[in-house]
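Biologist: Hello! Could you walk me through this structure, one question at a time?

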Amino acid sequence: MKEESIPKAKRSSRQRLKYKTQWASQFYAAAELTRRGYLVSLTFGNAPVADLLVQSPEGKQFTVDVKGQSTRNFWIIQRREPNPNHNFVLVYLTKGQQPPSFYIFSSDELMKKRTEYEEESTKRGKYRDDMGGFNFTTALAYQDRWDALPE
């Protein structure tokens, strides 16, 4: 369904939910990193390059991009060059009082999964670059992979 065919009130409600989900995901990711001994700063501004600036317990500095969603949907990931100092935390906010699920990727791992999905979809004639990313289930193998982050 095209966005302009959705009534304005419903579109606004979806945008608010998306906004709330992303902010909650960033705070959950920052809290979990802090709990694990990392120093974390949130970035603010319009479309920052990274959502979190992080220092590991051993003093290594890196950035984290947080992607959040509240339904088991496709993870939309923009194409970017892999960066050894950049990581991704995908956060699934479950319904009710269940704690969120975290899926941790290095930049290289995430871009490889995105490319694999792109290649498979292109073979089937169903690839759309504006929808680049991968299926929800692809992330499951990366659940709680906090060890993938710098120490």
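Modeller: Happy to! Please keep in mind that this is a predicted model. Let's begin with the pairing of two strands: in β3, Q55 has Q61 as its bridge partner.

Biologist: Good start. Which residue of β3 is the bridge partner of L53?

Modeller: Strands β2 and β3 pair in the antiparallel sense, over four bridges. One pair there is Q55 with Q61. For L53, the partner in β3 is T63.

Biologist: Which residue in the hairpin of β2 and β3 takes a positive phi?

Modeller: Five residues lie between the two strands of this hairpin. One of the residues in the hairpin has a phi near 100°. That residue is G59.

Biologist: And on the other side, which residue of β2 stands opposite L39?

Modeller: Here we turn to β1 and β2, which run antiparallel and are joined by four bridges. In this pairing, the residue of β2 opposite L39 is Q55.

Biologist: Now the whole sheet. Which strands stand at its edges?

Modeller: Strands of a sheet pair through backbone hydrogen bonds, either parallel or antiparallel. In this open sheet the five strands come in the order β1-β2-β3-β5-β6, with mixed pairing. Two of them each have a single partner strand, so one side of each is left without a neighbour in the sheet. Those edge strands are β1 and β6.

Biologist: How many degrees does the twist average from one strand to the next?

Modeller: Picture going through the order β1-β2-β3-β5-β6. From one strand to the next, the twist averages 25°.

Biologist: Which helix lies across β5 and β6?

Modeller: Look for a helix made of residues 107-123. This helix runs at about 95° to β6. Its name is α2.

Biologist: Back to β2: which of its side chains point to one face and are buried?

Modeller: The side chains alternate along this strand. L53 and Q55 point to the other face and are not buried. The buried ones are L52 and V54.

Biologist: Which residues have the most contacts inside the largest nonpolar core?

Modeller: This core has 16 residues. The elements that give two or more residues to it are α1, β2, β3, β5 and β6. One residue with the most contacts inside the core is L52, which we just met as a buried residue of β2. Together, the residues with the most contacts are L52 and V89.

Biologist: How many residues does the second, separate core have?

Modeller: Among its members are W75, Y92, L110 and F134. In total, this second core has 15 residues.

Biologist: W75 makes me think of aromatic rings. Is the pair of Y38 and F62 stacked or edge-to-face?

Modeller: The structure holds 11 aromatic pairs. In this one, the ring centres are 6.0 Å apart and the planes stand at 90°. Planes over 60 degrees apart count as edge-to-face. The pair of Y38 and F62 is therefore edge-to-face.

Biologist: How many residues apart in sequence are the parts that this pair ties together?

Modeller: Y38 lies in the loop between α1 and β1, while F62 lies in strand β3. Y38 is buried at a relative accessible area of 9%, and F62 is buried at 5%. The pair ties together parts whose separation in sequence, in residues, is 24.

Biologist: Why does the pair of W75 and F136 count as stacked?

Modeller: The ring centres of W75 and F136 are 5.7 Å apart. Planes under 30 degrees apart count as stacked. This pair is stacked because its planes stand at 15°.

Biologist: Which residues form one aromatic cluster with W75 and F136?

Modeller: Both W75 and F136 are buried. W75 lies in strand β4 and F136 in the segment after β7, so their pair ties together parts that are 61 residues apart in sequence. The residues that complete the cluster are Y92 and Y103.

Biologist: One last question: which backbone oxygen does the side chain of Q69 reach at 2.8 Å?

Modeller: Q69 has its place in strand β3 and is buried, with a relative accessible area of 11%. Among the residues Q69 touches are W75, Y92 and F136. The side chain of Q69 reaches the backbone oxygen of T71 at 3.2 Å. At 2.8 Å, the side chain of Q69 reaches the backbone oxygen of N73.

Key: Residues numbered from 1 in each chain as written. Predicted model: local features only at pLDDT ≥ 70, side-chain atom pairs only at ≥ 80, totals over all residues. Heavy atoms only, no water. Phe/Tyr/Trp six-rings, centres within 6.5 Å; stacked < 30°, edge-to-face > 60°. Buried < 20%, exposed > 50% of the residue type's maximum accessible area, 1.4 Å probe, protein only. Core = buried A, V, L, I, M, F, W, Y, C linked by side-chain atoms within 4.5 Å. Pairing = 2+ DSSP bridges. Polar contact = N/O pair within 3.5 Å; in protein donor to acceptor, adjacent residues only side chain to side chain. Contact = heavy atoms within 4.5 Å. Axes fitted to C-alpha atoms, helices over the stretch in contact; angles between N-to-C directions. Lists of a residue's contacts leave out its neighbours within four places in sequence.
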